[in-house]
Amino acid sequence: HKKITKLNNLKYFLITGNAVEASLSWQKQHVTPAFDGNGVLDFTIKFFKDTLTSLDISHNQYVRFDDIIDYLDNLTKLEILNASHNLLEGALSFQKTAKMQQYSYDEATIQTTVTRTLEKWKSLKIIDISNNRIPNIHSIGVILTQKMEDAGKRIYFMNNNIKSLSFAQEIKHFHPYLPKSIYNQTPDLFILTWNSHDIHRIYRFDWTYFCVFKQLSFLFFSAVPKKTVTEIPICLSRISTVYIDCQHYAENLLSNWNPAFFQKPYSQIRKLTLRLCKSTNYSLDLPMVPMNSNLEYLHIVQSELSFKFPSIENFTDNSTLCGIKEISFLHNKLHGPLRSWGANCSIEKLNVAMNHLHGDVAQLSALLKNLKKLYLFHNKRINGSLPNVAIPKLNCLDIRGTGIAGPIPSQYFKLT
């Protein structure tokens, strides 16, 4: 097989009436497209374009999913493609890389792409891409998988270590159920991303379908509107990390969550991040989530939200912030004087840089007992001198662009 593909001047390859006309195997032929060029690919497409129904390219060294797409797009009669046990990597989208880079996520484009792809692959019955290195499934791959499943076609992609699944929200005609073939073959899924590039179009989505993923631990929203947040089921509160990239979406997202989503004993959410949640008329009030949450990491960054520096009342035994280990209010409109939070605070990292704070840095003296990292930079009105107290755990201190002055106690020169 491989020797034939190296005959560059080969014009005719007559196999009419032979079994190979319909069924061809390159299994374990050490095909390495990156080094061998596309000889196998070109040869197969050129001479088997309208006859081949079964192709086996398993146990080789295919890396680019583009090669698989070329086979599927050009072998018009293909019913079975076995590309298992290769080195395929990248997001599973069933689209070529160049096309995905130029992709428009509007609904019309998505629907057209799905329809045209299925039309080209109308003869296809089975795709086996199991035992490769595919790490995640793109939303287009999810839709195609669902449509193929509806048509009685089968896709095998088990043993790919798929950990991430993404959905695009613009597809209002896409009935949002999770294809069984995805759930059955990705039991260890732990990242779910929900991307919305048109924040003004809100379509209902039944999130309870994702509750079957017992390993799910990371939930990512991009530009998620308020209505979507209200529909997140309590069963997903066992997720440990929630990340909301608001993309400047100006709504008070936290106030629209079901309060029980953060409450003990059911909630397991440990990390909450809000980014780019800009609004000119929205002030943030503490506490931001129910008092009895399990939060350990709270990041509200680059959001230009206006709120006061937390007071000691926010760090009592029953408060939201009492058990938090890491707080970042980086680059907001955090204002007011620095305040003492008490020596019993368990916080280990505090980032209030790039805000509008003022007052004496000595107010933070009690915090330094447990703090490992403290970022105060670019708060011009923070003043005073670094407190001469024990800093047994502190290993990072950034006070650039502040008004802190005076002698520096010797212990600060021993930071590791």
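User: Before we start, what is a nonpolar core here?

Analyst: Just so you know, we're looking at a predicted model. Take buried Ala, Val, Leu, Ile, Met, Phe, Trp, Tyr and Cys residues and join them through side-chain atoms within 4.5 Å. Each set you get that way is a nonpolar core.

User: Which residues of the largest nonpolar core touch the most other members?

Analyst: That core holds 93 residues. Helix 3, helix 4, helix 6 and helix 7 each supply at least two of its residues, as do strand 9, strand 10, strand 11 and strand 12. Helix 3 gives the largest share, six residues. The members that touch the most others are Leu-55, Phe-94 and Ile-129.

User: Which residues does Leu-55 touch, leaving out those up to four places away in sequence?

Analyst: One of its contacts, Thr-44, is among the buried residues of helix 3. With sequence neighbours up to four places away left out, the full list for Leu-55 is Leu-24, Trp-26, Thr-44, Tyr-71, Leu-75, Leu-78, Ile-80, Leu-81 and Asn-82.

User: Is helix 3 largely enclosed or largely open?

Analyst: Helix 3 covers residues 39-48, and its buried residues include Gly-39, Val-40, Leu-41 and Phe-43. Thr-44, Ile-45, Phe-47 and Phe-48 are buried as well. That makes eight of 10 residues buried, so the rest of the structure leaves helix 3 largely enclosed.

User: Which strand pairs with both strand 13 and strand 17?

Analyst: Strand 13 (residues 306-308) has a parallel partner over three bridges, and Lys-308 is bridged there to His-335. Strand 17 (residues 356-360) also has a parallel partner over three bridges, with Leu-357 standing opposite Gly-336. In both cases the partner is strand 15.

User: Is Gly-359 buried or exposed?

Analyst: Gly-359 is found in strand 17. Leaving out residues up to four places away in sequence, Gly-359 touches Leu-338, Arg-381, Ile-382 and Asn-383. Its relative accessible area is 16%, and the cut-off for buried is under 20%. So Gly-359 counts as buried.

User: How far apart in space are Gly-359 and Gly-336?

Analyst: Along the sequence, 23 residues separate Gly-359 and Gly-336. Going C-alpha to C-alpha, the distance in space is 8.1 Å.

User: Zooming out, what share of the protein chain's residues is buried?

Analyst: The protein chain has nine helices and 20 strands. About 19,600 Å² of it is exposed, with carbon and sulfur atoms supplying 51% of that area. Of its 416 residues, the buried share is 49%.

Technical notes: Residues numbered from 1 in each chain as written. Predicted model: local features only at pLDDT ≥ 70, side-chain atom pairs only at ≥ 80, totals over all residues. Heavy atoms only, no water. Buried < 20%, exposed > 50% of the residue type's maximum accessible area, 1.4 Å probe, protein only. Helix = DSSP H or I, 4+ residues; strand = E, 2+ residues; numbered from the N terminus. Contact = heavy atoms within 4.5 Å. Pairing = 2+ DSSP bridges. Areas by Shrake-Rupley, 256 points an atom, 1.4 Å probe, with all protein chains shown as cover.
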